[in-house]
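The report that follows moves from local contacts to helix packing and then to the overall fold. Please keep the sequence and the structure in view while reading.

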Amino acid sequence: MVLVLVVAVVALAVAVATGGARLARVRIRAVRLLAAAAVVQVGTSVLVPGSGITRAIALVLTTVLVGLFLAGNARLPGVPLVALGLLLNVVVVGLNAAMPVSVSAAARAGIERSDLHLARDAMREPTGSSTRFAVLGDVVPVAMPARPQVVSPGDVLVAAGVGLLLLTGGARRRQTPRRAVRSTVLERDSTTIGSYS
């Protein structure tokens with residue numbers, strides 16, 4: 001999550017520095033679904049942090065809400081990357097009933113095992129021999145100066161998608177209306193016929 005926030009802040013800063021005109025044209029739909037998903041996740045983490053069943057239910061509900069949000073904004077640049085990243089995270093969590101965390105990758109990022117708090121987090125577990133698709137878990141070390149992280153490939157895709165969306169500002173290529181194209185073709189044909197008469 002920290003990686004996504006850092007990328008978002010940097011992308012916003014770049015967008016504003018370059019004028020921010022394209023960013024103003026972004027039209028994001030169904031923002032309430034995203035807000036509801038955030039409330040579910042934060043509320044569950046605060047109220048019942050140790051309950052695996054409740055966290056699992058919250059994860060399913062959050063996935064549905066975010067999925068609907070992404071489906072409504074699928075045409076925006078970067079959103080397909082975000083959707084793919086979240087899908088990879090859901091797959092690995094679903095197969096292992098928790099997010100596998102590579103302790104060795106965390107160490108390369110500068111994080112001690114004790115700082116991972118895996119024993120207290122019902123939705124995260126250390127990667128082991130029985131872990132399925134461990135490569136999709138938290139295996140990417142991110143040695144940020146202030147707060148080092150170990151993230152999943154899915155998280156990297158989400159961060160890339162968010163950055164792409166903010167940098168491009170949701171700009172689309174201008175398409176010539178069909179009516180205008182048709183009139184142009186007719187004018188060209190009439191000019192050609194007239195030249196032979």
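Contact is taken here to mean heavy atoms within 4.5 Å. On that basis, and leaving aside its neighbours within four places in sequence, Arg132 is in contact with Val92, Leu95 and Asn96. Arg132 is found in the loop between S2 and S3, and its C-alpha atom is separated by 6.4 Å from that of Asn96, although the two residues are 36 apart along the chain.

This is a predicted model, in which local features need pLDDT of at least 70 and side-chain atom pairs count only at pLDDT 80 or more, while totals for chains, interfaces and linings use all residues. Residues are numbered from 1 along each chain as its sequence is written, and side-chain values use heavy atoms, with hydrogens and water left out.

**Overall fold**

The protein has eight helices and four strands, where helices (H or I, at least four residues) and strands (E, at least two) are DSSP runs numbered from the N terminus. Along the sequence these elements follow the pattern α-α-α-α-β-α-α-β-β-β-α-α. Of the 197 residues, 30% count as buried, with buried meaning under 20% relative accessible area, exposed over 50%, and partly exposed in between (1.4 Å probe, protein chains only). Among contacts between residues at least 6 apart in sequence, 69% join residues at least 24 apart.

**Helix packing around H7**

Which helices pack against H7, and at what angles? Helix H1 (residues 2–17) and helix H7 (residues 153–168) have axes that come within 8 Å and cross at roughly 15°, whereas helix H4 (residues 79–96) packs with H7 at an angle of about 165°, the axes being 7 Å apart. The axes are lines fitted to C-alpha atoms, for helices over the stretch in contact, and the angles run from 0 to 180 degrees between N-to-C directions. Angles under 35 degrees count as roughly parallel, over 145 as roughly antiparallel, 65 to 115 as roughly perpendicular and the rest as oblique. H1 and H7 are therefore roughly parallel to each other, and H4 and H7 are therefore roughly antiparallel to each other.

A crossing is called left-handed if the near helix is turned anticlockwise from the far one by less than a right angle, and right-handed if clockwise. H1 passes H7 in a right-handed crossing, while H4 passes H7 in a left-handed one.

On the H1 side of the first pair, the residues that meet H7 include Leu3, Val7, Ala11 and Val14, and their counterparts in H7 include Val156, Ala159, Val162 and Leu166. By class, this contact of H1 with H7 has 14 nonpolar, one polar and one charged residues, where Ala, Val, Leu, Ile, Met, Phe, Trp, Tyr, Cys and Pro count as nonpolar, Asp, Glu, Lys and Arg as charged, and the others, Gly among them, as polar. In the second pair, residues of H4 including Leu81, Gly85, Leu88 and Asn89 meet residues of H7, among them Gly154, Asp155, Val158 and Gly161. The contact of H4 with H7 has 10 nonpolar, four polar and one charged residues.

**Polar contacts involving Ser152**

Asn89, which lies in helix H4, counts as buried at 11% relative accessibility. Its side chain makes a polar contact of 2.7 Å with the side chain of Ser152; a polar contact is a pair of N or O atoms within 3.5 Å, and within protein one must be able to donate a hydrogen and the other to accept it, with residues adjacent in sequence counting only if both atoms are side-chain atoms. Beyond its neighbours within four places in sequence, Asn89 is in contact with Met99, Leu136, Ser152, Gly154 and Asp155.

Asp138 is placed in the loop between strand S2 (124–126) and strand S3 (140–142) and counts as buried at 5% relative accessibility. The Asp138 side chain reaches the backbone nitrogen of Ser152 at 3.2 Å. With neighbours within four places in sequence left aside, the contacts of Asp138 include Met99, Arg124, Ser152 and Asp155.

**Loop residues with positive phi**

Most residues other than glycine have a negative phi. The table lists two residues with a positive value.

| Residue | Phi | Loop | Relative accessible area |
|---|---|---|---|
| Ala97 | near 60° | between H4 and strand S1 (99–101) | 57%, exposed |
| Phe133 | near 50° | between S2 and S3 | 52%, exposed |
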